Amino acid sequence: DGTTWTMESPATQPLTVYGSAAAFEPNLDSVILFGGADGGVDQNTTWSWTESNWEQLFPAQSPPAREGFGMAYDTVLGRMVIFGGQTHEAPLGDTWELLP
């Protein structure tokens, strides 16, 4: 209802990451979490939060590992879009779409 935070204890969880991004994906009816870094190692995993648990997704193609990128759901395209970010080596300027 947007008035109270409730702590969840899911059985499955992504790595504890920083520099990741998450956004709601209505086609999948879930929050999608992508990338980030864990212990200085950039990640390219995709996770879905479906009301009470995290589930790792395995897209056929995935952006390279990164952190600090922008991610949002584009209502015109009907897709999640990722732009830029960085690796421990260099900034990135690529754009990716998650096809539902």
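Below, a colleague asks a modeller how some terms apply to this predicted model.

Modeller: In this predicted model, local features need pLDDT of at least 70, side-chain atom pairs count only at pLDDT 80 or more, and totals for chains, interfaces and linings use all residues. Residues are numbered from 1 along each chain as its sequence is written, and side-chain values use heavy atoms, with hydrogens and water left out.

Colleague: How do you know that S7 and S8 pair?

Modeller: Two strands (DSSP runs of E, at least two residues, numbered from the N terminus) pair if DSSP finds at least two bridges between them. S7 and S8 (residues 79-86) are joined by 5 bridges and run antiparallel, so they meet that definition; Met 71 stands opposite Ile 82 in S8.

Colleague: What makes S7 and S9 the edges of their sheet?

Modeller: The open sheet has 3 strands in the order S7-S8-S9, with antiparallel pairing. S7 (70-74) and S9 (91-98) each have a single partner strand, so one side of each is left without a neighbour in the sheet.

Colleague: Why is the space of about 290 Å³ called a pocket?

Modeller: On a 1 Å grid over the protein atoms alone, a pocket is an open set of points with protein on both sides within 12 Å along at least five of seven lines, whereas a cavity is a set where a 1.4 Å probe fits but cannot get out. The volume, about 290 Å³ for the largest pocket, is the space filled by probe spheres set on the points, which are joined across faces, edges and corners. Its lining has 16 residues, where lining means having an atom within 4 Å of a point.

Terms used
Helix = DSSP H or I, 4+ residues; strand = E, 2+ residues; numbered from the N terminus.
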